[in-house]
Amino acid sequence: MSSRKFFVGGNWKMNGNKAAIDTIIERLNSNKNESVETVCAPPQCYLEYTRSKLDAAVFVSAQNCYKVEKGAFTGDISPAMLKDLGVTHVILGHSERRHVFGETDELIAEKCAHALENGLTVIACIGEKLEEREAGQTEAVNVRQLTAIKKAISDWSKVVIAYEPVWAIGTGKTASPDQAQEVHQQLRAWMAAEVSKEVADSIRIIYGGSVSGGNCKDLAKKPDIDGFLVGGASLKPEFVEIINARN
Ligand code: PGA
């Protein structure tokens, strides 16, 4: 196994209320696993509430943020505000931001650059749609999305890449361990060729898309899968099993 620290993020999306969050936090606070970087991403209105109740060993992430520090951008939030709340991570480029809200590769890249400049760790999501996979475009789409980010940033030390095939998100159709490993390996090879061997060796590439307590152990055995970004199952007791997938 590599020296890359296993990373598990729970993306709660637009779900939960204080009572439900209390239950999730109770489970997380009683599961100590220092070998895993564990992160929770609540809806933005619950970021501070979550941060105040979670054990300090678990990080809090936003699900999105904007590309500038402040100003007339109704409804948005900035990395500076996130830091002010004790939030250390941000998910950017999630497929729902790309495909429901129409965010472009370029906007996502600008957001990544601004978040990194402000010291946040960026969970940068990429992934192909079903028709793109069926048309043999999986690698090209992922590389296109990564290339946009590469043009905007120079320091990858606080970037975690989340490979999330759109057809696997919330569908119950997980990529098989071999399918996921194949893409992760391609992405690492791309990083080695286009960025550097050191970055390729050290960057975490995590998988997302219908990860569950049932499939996490087999996925976690693959050499280029360094963790997970979990949606639906991050709200359930099985999230703890996913955090501990490599134990
Ligand atoms: P899912 O979502 O685990 O519910 O498929 C993953 C994600 O959107 O990050």
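The following questions and answers go through a predicted model of a protein with a ligand.

Me: Which strands make up the closed barrel, and in what order do they run?
Reply: The pairing in this barrel is parallel. Strands of a sheet pair through backbone hydrogen bonds, either parallel or antiparallel. The closed barrel has eight strands, in the order β1-β2-β3-β4-β5-β6-β7-β8.

Me: By how many degrees are neighbouring strands of this sheet turned against each other on average?
Reply: The sheet in question is the closed barrel of eight strands. With direction ignored, the average turn between its neighbouring strands is 25 degrees.

Me: Is strand β6 largely enclosed or open, and how many of its residues are buried?
Reply: Strand β6 covers residues 159-163. Val159, Ile161 and Tyr163 are buried on one side, and Val160 and Ala162 are buried on the other. The strand is largely enclosed by the rest of the structure because the buried residues number five of the five.

Me: Why do Val159, Ile161 and Tyr163 of β6 lie on one side and Val160 and Ala162 on the other?
Reply: Val159, Ile161 and Tyr163 share one face of β6, while Val160 and Ala162 are on the other. The reason is a general one: in a regular strand the side chains alternate between the two faces of the sheet.

Me: Which residue of β6 is the bridge partner of isoleucine 126?
Reply: Strand β5, residues 121-126, runs parallel to β6 and is joined to it by five bridges. Alanine 124 is placed opposite isoleucine 161 of β6. For isoleucine 126, the bridge partner in β6 is tyrosine 163.

Me: Which residue in β7 stands opposite alanine 162?
Reply: Strand β7, residues 204-208, is parallel to β6 and is linked to it by four bridges. The residue of β7 opposite alanine 162 is isoleucine 206.

Me: In β2, which residue is the bridge partner of phenylalanine 6?
Reply: Six of the six residues of β1 are buried. Phe6, Val8 and Gly10 point one way, whereas Phe7, Gly9 and Asn11 point the other way. Six bridges pair β1 with strand β2, residues 36-41, in the parallel sense. The partner of phenylalanine 6 in β2 is valine 36.

Me: Which residues are closest to the ligand?
Reply: The ligand is surrounded by 13 residues. By class, this shell has two charged, four nonpolar and seven polar residues. The closest are Lys13, His94, Glu164, Gly170 and Ser210.

Me: How much of the accessible area of the ligand does the protein cover?
Reply: Backbone N or O atoms approach oxygen atoms of the ligand at serine 210, 2.7 Å away, and at glycine 231, 2.8 Å away. A polar backbone atom of glycine 232 is also 2.8 Å from an oxygen atom of the ligand. Of the 280 Å² of accessible area that the ligand has on its own, the protein covers 95%.

Me: Does lysine 13 count as buried or exposed?
Reply: Lysine 13 sits in the loop between β1 (6-11) and α1 (18-29). Its phi is positive, about 50 degrees, although lysine 13 is not a glycine. Most residues other than glycine have a negative phi. The relative accessibility of lysine 13 is 19%, and the cut-off is under 20%, so lysine 13 counts as buried.

Me: What is the phi of serine 210 near?
Reply: Serine 210 belongs to the loop between β7 and α10 (216-220). Because its relative accessibility is 19%, serine 210 counts as buried. A polar atom of its side chain lies 3.5 Å from the backbone nitrogen of threonine 171. Phi of serine 210 is positive, although the residue is other than glycine, and is near 55 degrees.

Me: How many residues apart in sequence are glycine 119 and alanine 80?
Reply: Glycine 119 lies in the loop between α5 (105-117) and β5. Its relative accessibility is 33%, so glycine 119 counts as partly exposed. From C-alpha to C-alpha, glycine 119 and alanine 80 are 9.2 Å apart in space. In sequence they are apart by 39 residues.

Key
Residues are numbered from 1 along each chain as its sequence is written. This is a predicted model: local features need pLDDT of at least 70, side-chain atom pairs count only at pLDDT 80 or more; totals for chains, interfaces and linings use all residues. Side-chain values use heavy atoms; hydrogens and water are left out. A residue is near a molecule or strand if one of its heavy atoms lies within 4 Å of it. A polar contact is a pair of N or O atoms within 3.5 Å; within protein, one must be able to donate a hydrogen and the other to accept it, and residues adjacent in sequence count only if both atoms are side-chain atoms. Accessible areas come from the Shrake-Rupley method with a 1.4 Å probe; for residues, only the protein chains shown count as cover. Ala, Val, Leu, Ile, Met, Phe, Trp, Tyr, Cys and Pro count as nonpolar, Asp, Glu, Lys and Arg as charged, and the others, Gly among them, as polar. Buried means under 20% relative accessible area, exposed over 50%, partly exposed in between (1.4 Å probe, protein chains only). Helices (H or I, at least four residues) and strands (E, at least two) are DSSP runs, numbered from the N terminus. Two strands pair if DSSP finds at least two bridges between them. Axes are lines fitted to C-alpha atoms, for helices over the stretch in contact, and angles run from 0 to 180 degrees between N-to-C directions.
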